[in-house]
Amino acid sequence: MIKKIGVVSRYDKHEALEMVEKIIARFREEVDIFLSPRTAEHLENKYPCIPIDTMREEGVELIISVGGDGTVLRTISKMDDPLPLLPINMGTLGFLVDVKPEEAMEAIADVLQGFTCTERSRLAVQLNEDYLPCATNELVLITSRPAKILSFSVCVDESQIDEMRADGVVIATPTGSTAYAMSAGGPIIDPRVDATLIVPLAPFKLSARPWVVPGGSKIRLTMTMPEKEAVIVLDGQHTYHIHEHDVITLTRARNPACFVKMPIDGFYEKVKNKLA
């Protein structure tokens with residue numbers, strides 16, 4: 001039996017904040033409910049709050065995310081050791097969110113009695129000597145100036161697999177294979193597969209193709225062209241500027257993301273229904 005939960009929502013959507021208040025009204029007699037500070041702020045600080053990155057330390061056992069995929073990714077990125085997440089879809093496509101608004105109360109009631117989790121691997125990201133937030137979907141290296149090509153090398157476990165001239169590259173987990181990587185021409189990977197995906201963006205040679213490498217690989221990107229500024233974007237949430245000779249290193253994160261397992265359509269059905 002769950003005793004303490006956290007709730008995070010989109011800030012800019014009235015329906016999401018309304019759903020949060022419905023959750024509080026329905027379940028506050030059964031469990032202690034704490035909002036993230038931004039969600040609490042948009043509800044006029046009427047309810048207790050805890051920063052997302054300290055929720056585990058405060059005894060929170062489950063986070064309910066009310067929004068879309070962006071809300072899920074932003075929430076996970078704030079935690080070094082992510083808590084189990086139950087996402088409620090208040091967005092549009094919502095590939096990471098399974099529970100529909102009309103099913104939310106019943107689903108939460110069931111989960112509060114106990115649940116199992118599905119783990120999803122994340123990418124640990126290092127920029128030179130600095131550690132950045134982990135990525136659940138992908139890291140994107142892209143030019144900061146439109147129509148300006150980048151030059152960079154890609155190494156896997158100390159072996160160079162390519163010296164690329166391209167608009168950039170996507171390094172994705174299996175979870176992220178259905179996001180930007182897929183739109184850039186990469187394959188869809190079942191999240192049960194232990195792999196990492198490398199997808200060039202508009203490469204300047206025909207031989208540059210997507211790579212699928214072991215999930216435990218160490219991937220290193222090194223900028224090689226002088227006076228070309230680029231950016232890396234993590235899960236569409238965090239952006240960092242990089243320059244010549246900067247080195248980006250990606251490995252498997254120590255702590256995976258955890259999603260509450262729901263008795264609904266599986267991965268292949270989801271691909272067919274949402275991406276057809």
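Patches are made of residues with over 30% relative accessible area and no salt bridge, where like charges are joined within 9 Å. A salt bridge is a side-chain nitrogen of Lys or Arg within 4 Å of a carboxyl oxygen of Asp or Glu. Asp and Glu count as negative. The charge is placed at CG of Asp or CD of Glu.

The model is predicted: local features need pLDDT of at least 70, side-chain atom pairs count only at pLDDT 80 or more, and totals for chains, interfaces and linings use all residues. Residues are numbered from 1 along each chain as its sequence is written, and side-chain values use heavy atoms, with hydrogens and water left out.

**Exercise 1. Find the residues of the negative surface patch, then place and classify D110.**

Step 1. The patch of negative charge on the surface gathers E102, E103, E106 and D110.
Step 2. D110 sits in helix α4, residues 104-111. Helices are DSSP runs of H or I with at least four residues; strands are runs of E with at least two, and both are numbered from the N terminus.
Step 3. Buried means under 20% relative accessible area, exposed over 50%, partly exposed in between (Shrake-Rupley method, 1.4 Å probe, protein chains only).
Step 4. The relative accessible area of D110 is 48%, so D110 is partly exposed.

**Exercise 2. Decide whether S153 is buried or exposed, and list its contacts beyond four places in sequence.**

Step 1. Strand β9 (residues 150-156) holds S153.
Step 2. S153 has a relative accessible area of 7%, so S153 is buried.
Step 3. Contact means heavy atoms within 4.5 Å.
Step 4. With neighbours within four places left aside, S153 touches Q160, D162, E163, R220, L221, T222 and T224.

**Exercise 3. Describe the surroundings of G6 and give its C-alpha separation from I219.**

Step 1. G6 belongs to strand β1, residues 4-9.
Step 2. Its relative accessibility is 0%, so G6 counts as buried.
Step 3. Outside four places in sequence, G6 contacts F34, M55, V60, L62, I63 and I64.
Step 4. G6 and I219 are 213 residues apart in sequence; their C-alpha atoms are 34 Å apart.

**Exercise 4. Classify two loop residues, T173 and T92.**

Step 1. T173 is in the loop between β11 (168-172) and α5 (180-183).
Step 2. T173 counts as buried because its relative accessibility is 1%.
Step 3. Contacts of T173 beyond four places include S121, R122 and L123.
Step 4. T92 is in the loop between β4 (85-89) and α4.
Step 5. T92 is exposed because its relative accessible area is 78%.
Step 6. T92 and G68 are 24 residues apart along the chain, with C-alpha atoms separated by 7.1 Å.

Definitions and conventions
Patches are made of residues with over 30% relative accessible area and no salt bridge: like charges are joined within 9 Å, nonpolar side chains (Val, Leu, Ile, Met, Phe, Trp, Tyr) within 5 Å.
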